[in-house]
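Me: I am new to this structure. Please take me through one part of it closely, in short steps.

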Amino acid sequence: SCSLALRFVFPAVSMEGKSFWTQLSAPIKLRKIYVLKFAIGIALVLLPALLTSVFSNIPFMKMTERRPLLMYFGVFSTFWVTLTLVSLNLGLGGYFANYQEKNPIRVASSQGATLTFLVSLVYLVALVSVVIIPLRDYFLSLFQYVPFDMSVIIAPGTTVAMLSAGLSAFALVVGYRSLQRDF
């Protein structure tokens with residue numbers, strides 16, 4: 001998800017190039033263009049991420065013959081991670097936009113892209129640190145054949161959702177405001 005978002009979503013604003021001024025002077029609202037770029041980015045990144053999340057858990061569920069808690073949590077966290085990574089890459093891609101560059105690979109390997117990638121990694125490390133203890137307890141319960149209290153996943157899940165929603169909103173606002181500055 002992180003590499004797909006960086007490669008395809010980060011350069012989305014920069015690839016408008018010098019014709020971006022026509023969008024600013026057109027009767028089309030800039031917000032609609034921004035939301036469309038966001039929706040395309042979500043579709044591009046979410047589908048492979050969800051497929052990976054589901055299909056990687058199917059053999060594990062067959063092996064353990066337990067409730068699919070791990071798959072459900074995987075799908076839940078995949079949704080939030082994808083939303084946040086697309087938001088970060090679109091928002092910061094707009095903030096660090098380079099309208100003179102015609103090559104999306106150069107845009108995706110710029111200093112702004114590197115900073116965005118580092119922010120994404122810090123976000124992912126924070127998420128792992130939030131869910132590591134409940135997941136460890138889940139796997140211990142599997143291998144020691146003891147019951148697992150599923151309520152222990154509620155607080156980390158809520159934290160993941162709140163952290164992701166906050167970071168997504170911040171990045172999208174930064175990106176949208178950066179598009180409104182003078183071209």
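How exposed is Y95: buried, partly exposed or exposed?

Reply: Keep in mind that this is a predicted model. Y95 is partly exposed, with a relative accessible area of 42%. That value falls between the cut-offs of 20% for buried and 50% for exposed, so Y95 belongs to neither of those classes.

Now look at the ring of Y95. It pairs with the ring of F96. Their centres are 5.0 Å apart and their planes meet at 85°. An angle over 60 degrees counts as edge-to-face, so that is the label for Y95 and F96. F96 is partly exposed too, at 28% relative accessible area.

The model has 5 aromatic pairs by this rule. Another of them joins F73 and F76, with 6.0 Å between centres and 35° between planes. This pair is tilted, because its angle lies neither under 30 nor over 60 degrees. Both residues sit in helix α4, which covers residues 69-95. F73 and F76 are 3 residues apart there, so about one helical turn separates them. Their surroundings can be compared by accessibility. F73 is buried, with a relative accessible area of 11%. F76 is partly exposed, at 31%.

One more ring deserves a look. R7 lies over the face of F8, 5.1 Å from the ring centre.

To sum up the part you asked about: Y95 is partly exposed, and its ring forms an edge-to-face pair with F96.

Methods
Residues are numbered from 1 along each chain as its sequence is written. This is a predicted model: local features need pLDDT of at least 70, side-chain atom pairs count only at pLDDT 80 or more; totals for chains, interfaces and linings use all residues. Side-chain values use heavy atoms; hydrogens and water are left out. Rings of Phe, Tyr and Trp (its six-membered ring) pair if their centres lie within 6.5 Å; planes under 30 degrees apart count as stacked, over 60 as edge-to-face and the rest as tilted. Helices (H or I, at least four residues) and strands (E, at least two) are DSSP runs, numbered from the N terminus. Buried means under 20% relative accessible area, exposed over 50%, partly exposed in between (1.4 Å probe, protein chains only). A charge sits over a ring if NZ of Lys or CZ of Arg is within 6 Å of the ring centre and within 35 degrees of the ring normal.
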